[in-house]
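Biologist: I should like to learn how to read the features of a protein model. May we take them one at a time?

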Amino acid sequence: MTQSIASPNDRSSLIEDRYSSVLEALKRCAVRARRNPNDIGLLAVSKTRTIDEIRTLASFGQVDFGENYVVDALPKIRELVPLGLTWHFVGTVQSNKTKLIAQHFDWVHSIDRTSVARRLNESRHNEPLNVCIQVNVDDEPQKSGIRKAEAADLVENIQELPRLRLRGLMSIPKVDSDPEVSRTAFSTLYELFHELRPSVSEYWDTLSMGMTSDYEVAIQEGATLVRLGTALFGPRA
Ligand SMILES: *Cc1c(COP(=O)(O)O)cnc(C)c1O
């Protein structure tokens, strides 16, 4: 009986192909934007992907992985501990999940209020947790992220927390089929990143912006870390 489902080997070489095209594309975008390719990191967003897919991508050298649901992420993180991967939480942080996040992740990109930052700080016991502030640059009412005007206060509050290391800003602009629509949001985030720099002690080095549909624009506007899912693993089911 013939089946149209790809064999594990096919899937693995597909991921390998996509990974090398993405790495090439990132380099090309950096050069075109007159930036150093080494200044642009790749976060592989592995939400909805299996442990095997993550293991495959890791085998080609990818270290940083992102997840947005704690419950889905934990089995992957636990199973893959021997690989020494770096795990980034990119989803909305619910108060009742802060303990698990602080214990199992290395980064949280999506801090948008002081209470959540304090809870993460209390539950963190090993080396400091790297965090970014999520900014709602479009001021969309339904979306998570702090408003631009409130970012400075949150920066101040986070810096009082010894087990959090404030690294930068993150944003998820409105989804649009035209990546140019994201450009204003990205440049706003870039400006805010530089405005806030004097009030941050050190480690302020991360501008987490750009997804599969708009990462090229994000790189032109100063992203230091792009978060890609579809480009690496294919369309989500
Ligand atoms: C899913 C997700 C991504 C990746 O999206 P793609 O369009 O598949 O590249 C990036 N960032 C966040 C916060 C996500 O939830």
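Modeller: The turns below treat a strand, its partners, a helix, a loop residue and a pocket. Please note that this is a predicted model.

Biologist: Let us begin with a strand. How many residues of strand β5 are buried?

Modeller: Strand β5 covers residues 129-134, and six of its six residues are buried.

Biologist: Which residues of β5 point one way, and which the other way?

Modeller: The general idea is that side chains in a regular strand alternate between the two faces of the sheet. In this structure, L129, V131 and I133 point one way from β5, while N130, C132 and Q134 point the other way. Residues of both sets are buried.

Biologist: Which strand is joined to β5 by three bridges?

Modeller: That strand is β4, residues 107-111, and β4 and β5 run parallel. One pair to find is V108 with its bridge partner V131 in β5. Between the two strands the chain passes through helix α5 (residues 114-123), and this β-α-β crossover is right-handed.

Biologist: How many bridges pair β5 with strand β6?

Modeller: There are six bridges between β5 and β6 (residues 164-170), again in the parallel sense. Here L129 has L164 of β6 as its bridge partner. Together with helix α6 (residues 151-159), β5 and β6 make a right-handed β-α-β unit.

Biologist: Now a helix. Which residues of α5 are buried?

Modeller: The buried residues in α5 are T114, V116, A117, L120, N121 and S123. To read such a list, one asks next what covers these residues. For α5, the cover includes α4 (98-104), β4, β5, α6 and β6.

Biologist: Where does V200 lie, and is V200 buried or exposed?

Modeller: V200 lies in the loop between α7 (183-196) and β7 (206-208). A residue counts as buried under 20% relative accessible area. V200 is therefore buried, because its relative accessible area is 9%. Leaving aside neighbours within four places in sequence, V200 is in contact with V155, Q159 and L166.

Biologist: Finally, how many residues line the largest pocket?

Modeller: The lining of the largest pocket has 32 residues, and K47, N68, V90, I172 and M211 lie nearest the centre. The elements giving two or more residues to this lining are α3 (70-79) and β8 (225-228). The space in the largest pocket is about 610 Å³.

Biologist: How do the residues of that lining divide?

Modeller: They divide into 13 nonpolar, eleven polar and eight charged residues.

How values were computed: Residues numbered from 1 in each chain as written. Predicted model: local features only at pLDDT ≥ 70, side-chain atom pairs only at ≥ 80, totals over all residues. Heavy atoms only, no water. 1 Å grid on protein atoms, 1.4 Å probe; cavity = no way out; pocket = protein on both sides within 12 Å on 5 of 7 lines; lining within 4 Å. Points joined across faces, edges and corners; volume = space filled by probe spheres on them. Helix = DSSP H or I, 4+ residues; strand = E, 2+ residues; numbered from the N terminus. Nonpolar A, V, L, I, M, F, W, Y, C, P; charged D, E, K, R; others polar. Buried < 20%, exposed > 50% of the residue type's maximum accessible area, 1.4 Å probe, protein only. Pairing = 2+ DSSP bridges. Right-handed = clockwise from strand over helix to strand, strands pointing away. Contact = heavy atoms within 4.5 Å.
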